[in-house]
Amino acid sequence: MSDKFITEAVRNIPPSGIRKFFDLVLEMEGVISLGVGEPDFVTPWHIREACIYSLEKGFTSYTSNLGLLELRELISKSYKKDYNVNYNPINQILVTTGVSEAADLAFRAIINPGDEVIVPEPSYVSYKPSVSLAGGIPVPVRTNRENEFRVTAEQIEESITENTKALVLSYPNNPTGAVLRRKDLEEIAVLANEYDLAVISDEVYCKLTYDGLHTCFSSIPGMKERTVILNGFSKSHAMTGLRLGFATGSKELIGAMTKIHQYAMLCAPITAQMGAVEALKNGNGEMEKMIREYDRRRRLIVDGLNKLGLDCFEPKGAFYAFPSIKITGMTSEEFAGGLLKEEKVAVVPGNVFGDCGEGHLRCSYATSREQLVEALGRIESYLDKISCKVPARSS
Amino acid sequence: MKEILDILENDPKIQPKEIAIMTGLTEAQVASKIKEMEKKGIIRKYKTVIDWEKAGEEYVYAIIELKVVLRSRTGYDTIAERIAKFPEVVSVRLISGGHDLSLTVRGKSMKDVAFFVAEKIATLEQVQGTVTHFVLRTYKQDGDILFEKERSERLPVSP
């Protein structure tokens with residue numbers, strides 16, 4: 001079929017940089033991959049068992065558009081317990097097929113054509129295209145290594161125009177591992193009030209925060225009414241393939257998102273919802289074990305990269321290290337391509353997450369310690385080959 | 001301490017240097033703590049879990065339930081310690097229920113195991129009766145699943 005039928009919005013979206021790299025990796029064998037944005041743990045057995053049991057009992061029907069009430073009640077309780085934020089399970093929580101759907105719904109519910117949406121970068125690859133597909137204009141804000149990739153209120157304010165409608169926050173961050181401190185969030189909250197911005201806060205990595213507690217943006221006084229929190233079970237409970245996320249927000253925002261959801265998706269799969277119920281009821285032990293293991297790997301990879309002379313700040317959340325390769329003088333695509341070809345290590349070039357990610361690599365440490373150590377050895381050997389080994393930074 | 005034990009339990013070959021990075025301690029601190037735990041008997045031994053069947057070695061295991069009659073000044077500990085000294089005995093446990101001691105015995109053949117039980121165990125003065133269960137297959141041992149582990153087929157690169 002001719003592409004004349006394809007909308008301009010879709011045609012204008014560039015293909016994902018990750019996709020391009022993925023195709024390259026697929027052609028090779030024996031690759032150690034640090035390019036994976038999902039846990040390397042299989043969904044804990046008790047959660048899988050709950051899914052199987054639900055099928056055995058014949059739970060194969062639609063659920064309410066909003067999701068199972070029991071699941072929404074458990075989500076509500078967890079927000080009350082973790083952040084002292086009250087969400088009414090009846091009309092302020094929507095269960096979705098993954099956080100990606102929740103993000104798409106939020107953008108489509110909030111954005112009018114021409115509205116600007118501020119997106120701090122480096123950022124997860126789908127925000128900008130999703131904003132564009134909703135008819136909005138994404139406005140990237142560059143963050144940098146010097147400030148540990150934390151976006152500041154000043155930076156956001158500089159990008160605000162009369163067309164700015166919303167702000168995306170995504171912390172802990174994919175790909176940098178950056179986390180915003182409570183003070184950062186309070187300053188951003190002042191701006192959100194002053195400029196009357198909606199805030200879409202993707203907190204899917206909130207459980208994977210290593211130093212200090214995660215602050216939920218809607219727990220900042222006055223923010224709950226203008227914020228949609230996006231969250232899910234993929235990262236915290238290793239449930240990526242079950243595609244289960246949720247959004248919490250004001251009755252009006254969730255109501256608007258539900259309208260789109262009911263026509264587009266109808267409801268999230270009941271099997272995955274039953275698994276999520278089990279995850280919230282009994283999943284803390286397994287989750288904590290996984291987090292401890294990620295934390296250990298985080299220290300290993302950051303230490304290893306710094307010893308190789310690839311400056312890497314200590315990520316505070318998620319499971320990515322984001323080292324700089326600027327000392328090599330190569331672009332991140334050149335470096336990642338060369339590393340894959342010469343040493344069979346797959347990492348994701350930082351520029352796919354926004355221009356300011358150039359000169360960096362995303363290295364996922366959601367892989368075994370043995371693989372991490374082997375990958376670090378291969379990176380060292382690649383640096384030797386390109387004659388770029390530099391003395392280790394003093395820590 | 002617990003964190004070091006946790007790491008070692010899963011990977012006894014790991015070096016103190018790596019444990020130090022993972023725990024935030026110095027290498028010297030890790031080495032000294034490990035030494036201390038070895039000395040105190042908290043760390044008993046570094047073992048390797050082997051799937052002997054896969055290695056082509058034939059071993060026969062049996063679980064033996066023992067009914068024991070205690071004599072004066074001879075408690076469970078005494079009889080258990082005596083039985084534990086046999087190299088064929090892999091484990092000895094005092095258990096509740098219908099029997100008193102539960103042993104795991106290893107031999108080269110069923111005949112070997114049967115002979116050992118009949119000759120060495122059943123003949124002990126305090127042993128009143130034995131029930132032998134031969135192990136047909138081991139699926140999990142010391143917390144390690146021995147059949148092919150489940151694999152998650154992840155894409156090599158994902159968002």
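**A pocket in chain A and a helix pair in chain B**

The second largest pocket holds about 760 Å³ of space. The model is a predicted one, and this pocket is a convenient place to begin. Its lining consists of 30 residues, and those nearest the centre of the pocket are Asp82(A), Tyr83(A), Lys207(A), Asn284(A) and Met287(A). Four elements of chain A each give two or more residues to this lining: helix H4 (69-83), strand S7 (227-232), helix H10 (270-282) and helix H11 (284-307). Of the contributors, H4(A) gives the most, with eight residues. Sorted by class, the residues lining the second largest pocket are 14 nonpolar, nine polar and seven charged.

The next feature is in chain B. Here helix H1 (residues 2-10) packs with helix H2 (residues 16-23), the axes being 11 Å apart and the angle about 130 degrees. Because an angle over 115 degrees but not over 145 falls in the oblique class, H1(B) is described as oblique to H2(B). The crossing in which H1(B) passes H2(B) is right-handed.

Which residues meet where these two helices pack? From H1(B) they are Glu3(B), Ile4(B), Ile7(B) and Leu8(B), and from H2(B) they are Ile19(B), Met22(B) and Thr23(B). Taken by class, the residues of this contact between H1(B) and H2(B) are five nonpolar, one polar and one charged. The charged residue is Glu3(B) and the polar one is Thr23(B).

Definitions and conventions. Residues numbered from 1 in each chain as written. Chains lettered and ligands numbered in written order. Predicted model: local features only at pLDDT ≥ 70, side-chain atom pairs only at ≥ 80, totals over all residues. Heavy atoms only, no water. 1 Å grid on protein atoms, 1.4 Å probe; cavity = no way out; pocket = protein on both sides within 12 Å on 5 of 7 lines; lining within 4 Å. Points joined across faces, edges and corners; volume = space filled by probe spheres on them. Axes fitted to C-alpha atoms, helices over the stretch in contact; angles between N-to-C directions. Parallel < 35°, antiparallel > 145°, perpendicular 65-115°, else oblique. Left-handed = near helix turned anticlockwise from the far one by under 90°. Contact = heavy atoms within 4.5 Å.
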